[in-house]
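Biologist: I would like to go through this model one feature at a time. Please give the reasoning before each value.

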Amino acid sequence: MNRSASLLIALFLLTLQLFCSYALAEEFPSLTQVPPRAGEIAAEAVQVRSRIEVLSDLAPLQAQINVSQERLRQTSERVELYGDPATWSIERLLESRSILQGERIRLQRLQQETTERHEELERIRLSWQGRQEFWRSWEAALQTDEVPYPVETFAQVRQLHQEVLADLEPLSGRLSSVQQELVALLGENLTLLAAIDAGLRQLRAQIFQRTGRPLLHSDFFRQFTEQQLWLELRQGVGEALHVDMRAFQGQVWILISQVLLAFGAALFILRHRRSAAEKSKEWDFILDHPWATGIFIAMASFTPFFAALPPVWNLVIWLLFALSSAVLISALVRNPLKRITVYFLVVILLVSMVLQLVSFPAPLYRLYITFVSLAGVPVFVLLARYNIQRHLGRIKFFSMGLYFGALVCLVSFLAQAAGYSTLSAHLIDAAIRSVFIGIFANMTLHLGQGGIDYLFAHPLMSQRKFVQSFGGELVVRLKMIFKVAVVAGAFFQILVVVGIYSSFAQAWDDLTSLGVSVGQVHLTMAMILLALLVIYLSIQVSWLLRAALDTQVFPYSQVDRGVSDSIKKLLHYFFILIGFLLAISLAGIEMRNFAVLAGALGIGIGFGLQNIVNNFVSGLILLFERPIKVGDMVVVEGDWGKVISIGLRSTVVETFDGSELIVPNSTLISQKVTNWTLTTTKARVVLPVGVAYGSDIEKVLRILLEAAESHSLVMTDPAPRALFVGFGDSSLDFELRAWIADVNGRLGVRSELGQFIDRRFREEGVEIPFPQRDLHLRSVDGEIFARAGGRQEKAPANPAPQEPS
């Protein structure tokens with residue numbers, strides 16, 4: 001029994017071995033494929049080595065890492081120098097936070113790039129290890145089968161595999177070390193950023209807390225006798241004047257761009273000053289100050305690109321910003337009191353920035369804020385009163401703003417006197433910066449809108465047919481979009497200035513994340529804004545496409561106006577529908593959620609909206625079937641008019657007296673409407689004429705035909721006809737029937753034909769009779785006959801009736 005089992009197992013193993021050998025033999029290619037496959041391996045090895053050389057070039061990566069290391073080192077030194085970030089000023093905290101956030105983004109990008117390189121390296125390693133194993137197994141199978149094979153070729157392929165895998169080893173180690181370095185830098189960055197954020201939170205929490213002694217307290221004046229106060233002042237000035245040129249590394253191009261843009265903008269204004277004054281009224285205030293305009297544009301355009309700057313250079317930028325803005329705003333406004341206010345605020349802003357730059361000691365800075373607050377109250381009140389006197393007692397918005405500024409200064413002084421020094425300084429600083437944000441936004445609006453006017457007034461643009469037809473409306477739309485963008489940007493920046501948010505990005509993220517849940521759908525402000533933007537863009541694209549068709553396609557394709565209007569309407573409805581569907585999709589609302597809404601809408605249509613839906617469907621029928629088109633001459637319920645537009649619900653018909661009829665679309669479909677221009681604009685003019693009995697009929701017919709044939713608008717085919725139509729009560733009745741090519745001239749042709757006939761009748765002696773009537777008297781007072789006949793006798797009271805003669 002055991003011997004039989006052993007024999008069966010041996011047979012099974014032998015069969016399995018033969019099967020595996022057969023399978024392996026079938027798995028590998030034939031020997032004829034060895035040379036071409038070896039050639040492919042050699043070519044791929046060259047490509048892989050070239051790619052390894054690219055991946056091994058870590059110099060640019062290391063250079064950026066060194067820049068990040070240096071900036072983190074500077075920030076760490078600043079933290080060690082200035083102490084706890086909770087004691088820093090808001091400007092210093094925000095500046096440091098901006099630097100750290102920029103470096104975090106840079107480090108994350110470098111880490112992503114390093115990870116991608118490492119992943120690509122691993123893909124290459126796994127691929128070549130798999131190929132190496134394949135060739136090793138292939139060779140082993142050939143050796144097992146004792147089949148002659150090219151041993152040297154297999155040896156060369158084996159050598160290539162070993163060399164490629166050997167080249168990958170050092171690069172893998174270098175990338176791993178770079179990744180570890182980046183992880184360490186990111187950890188250091190996050191640690192510093194957490195400290196800065198904690199300082200910001202603590203500083204914001206201190207705004208409504210007492211952070212110092214009251215001004216009249218003895219401890220407050222005792223601080224000025226300490227030597228440490230003056231040592232801090234000298235140290236702050238020294239640190240402010242120290243400029244580390246390494247901070248400009250990688251940012252020199254921004255400085256060069258600012259200089260070039262300032263000179264370029266100024267020279268452009270100097271060269272095109274006269275033509276710009278004619279093309280744009282928005283640029284009047286900048287044409288007299290080209291250099292101030294160039295500096296303002298250069299500062300506004302490239303300053304946001306700076307990652308981090310020395311405090312002194314930051315002050316220089318603000319100085320250029322403020323001075324150029326003051327010059328431009330002085331040219332923009334005509335009220336001298338506004339100019340005084342602007343210059344007063346510029347001085348306060350620059351002095352405050354200088355004191356913050358040198359880390360002015362807190363007691364001295366409190367005295368400065370107190371002086372500014374006390375000086376601001378009477379200055380703003382006097383300016384407000386003078387402005388009211390200039391406007392004859394009327395309180396303008398500027399006067400209200402001055403009174404509000406006086407109130408801010410008063411509150412700031414009271415807060416400073418009570419020891420709320422942080423709140424006092426924040427009120428003054430936030431108010432001034434908010435005013436300058438408004439000034440910057442106002443000037444940006446004038447510059448941008450003036451640029452739009454100048455662009456569309458340039459000959460290269462103004463000569464285009466599209467601009468000639470729709471340029472004015474396009475300019476208005478672009479100005480509105482630009483205005484909304486500038487106002488929104490200023491609003492978010494003010495939120496940052498007043499201290500509600502730390503940065504523009506944080507304000508945007510927080511406000512756009514606000515939402516409300518409706519059932520299972522959660523709508524955020526970002527979704528709503530995006531949906532509104534999609535709908536607005538669909539409307540604008542629809543308008544732009546229809547305008548392009550009107551100017552670039554329809555005039556050259558000889559399309560009927562009714563057809564073109566129908567195409568434009570359908571395109572408009574199509575884009576609105578697509579925009580609506582995209583909007584609800586972006587808002588996270590699925591179409592199946594409209595099932596209940598569709599049912600409710602069906603009930604609403606059945607009860608109260610059936611007329612609206614009827615008019616809408618009738619409007620679609622008018623667009624597709626086109627029994628009435630825009631420009632047609634129609635008669636609706638006895639009123640003649642011309643179709644001006646066909647809308648969703650109604651059609652507008654302009655009558656001959658200039659009034660407009662709003663006709664529901666369902667009326668045009670379900671009721672009788674006369675369309676004089678449905679298939680042709682040709683129309684017949686019928687002029688009835690009556691002449692006295694006894695007139696020469698042939699002469700009258702001849703004059704009528706002469707009148708028609710002599711008129712230039714009367715068609716010869718069909719020929720005009722003069723007809724004798726019957727015997728009237730007072731005249732012989734005729735009709736002149738003539739055809740004209742355009743129904744719009746019907747009334748004018750009828751009038752001119754009548755004038756011609758009247759003149760010819762006078763010349764030919766043809767009389768046009770008055771209406772004649774026979775009067776039969778049955779009962780008349782006799783006195784009337786007596787007076788008529790000259791007799792005095794009185795007629796009988798009731799004369800007998802007389803037969804008519």
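Biologist: Where is the kink in α18 centred?

Modeller: This is a predicted model. Helix α18 covers residues 465-497. The axis of α18 has a kink of about 70°, and the residue at its centre is G471.

Biologist: How far apart are the end C-alpha atoms of α18, and what span should its 33 residues have?

Modeller: At 1.5 Å a residue, the 33 residues of α18 should span 48 Å. The end C-alpha atoms agree with that, as they are 46 Å apart.

Biologist: Which residue with a positive phi follows α18?

Modeller: The phi in question is near 95°. The residue that has it, following α18, is G499.

Biologist: Within what arc do the buried residues of α8 fall?

Modeller: Helix α8 runs over residues 252-271, and its end C-alpha atoms are 29 Å apart against an expected 28 Å. Its buried residues are I254, L255, Q258, A262, A265, A266 and I269. Seen down the axis of α8, they line one face of the helix, because they fall within an arc of 105°.

Biologist: Which exposed residues does α8 carry on the face turned away from its buried side?

Modeller: Exposed here requires over 50% relative accessible area. On the face of α8 turned away from the buried side, the exposed residues are L260 and R271.

Biologist: What is the geometry of the pair formed by the rings of F263 and W291?

Modeller: The whole structure holds 21 aromatic pairs. In this one the ring centres are 5.5 Å apart and the planes are at 80°. Planes over 60 degrees apart count as edge-to-face, so the F263 and W291 pair is edge-to-face.

Biologist: Which helices does that pair link?

Modeller: F263 and W291 are 28 residues apart, and the pair links distant parts of the chain. F263 is partly exposed at 47% relative accessibility, and W291 is partly exposed at 43%. The helices are α8 for F263 and α11 for W291.

Biologist: How many residues apart in sequence are the parts that W640 and F656 tie together?

Modeller: W640 and F656 form a tilted pair, 6.3 Å centre to centre with 35° between the planes. W640 lies in strand β4 and F656 in the loop between β5 and β6, so the parts tied together are 16 residues apart.

Biologist: Is F656 buried or exposed?

Modeller: The cut-off for exposed is over 50% relative accessible area. F656 has 52% relative accessibility, so F656 counts as exposed.

Terms used
Residues numbered from 1 in each chain as written. Predicted model: local features only at pLDDT ≥ 70, side-chain atom pairs only at ≥ 80, totals over all residues. Heavy atoms only, no water. Helix = DSSP H or I, 4+ residues; strand = E, 2+ residues; numbered from the N terminus. Expected span 1.5 Å × (residues − 1). Bend = angle between axes of the 7 residues up to and from the residue. Buried < 20%, exposed > 50% of the residue type's maximum accessible area, 1.4 Å probe, protein only. Arc of directions from axis to C-beta. Phe/Tyr/Trp six-rings, centres within 6.5 Å; stacked < 30°, edge-to-face > 60°.
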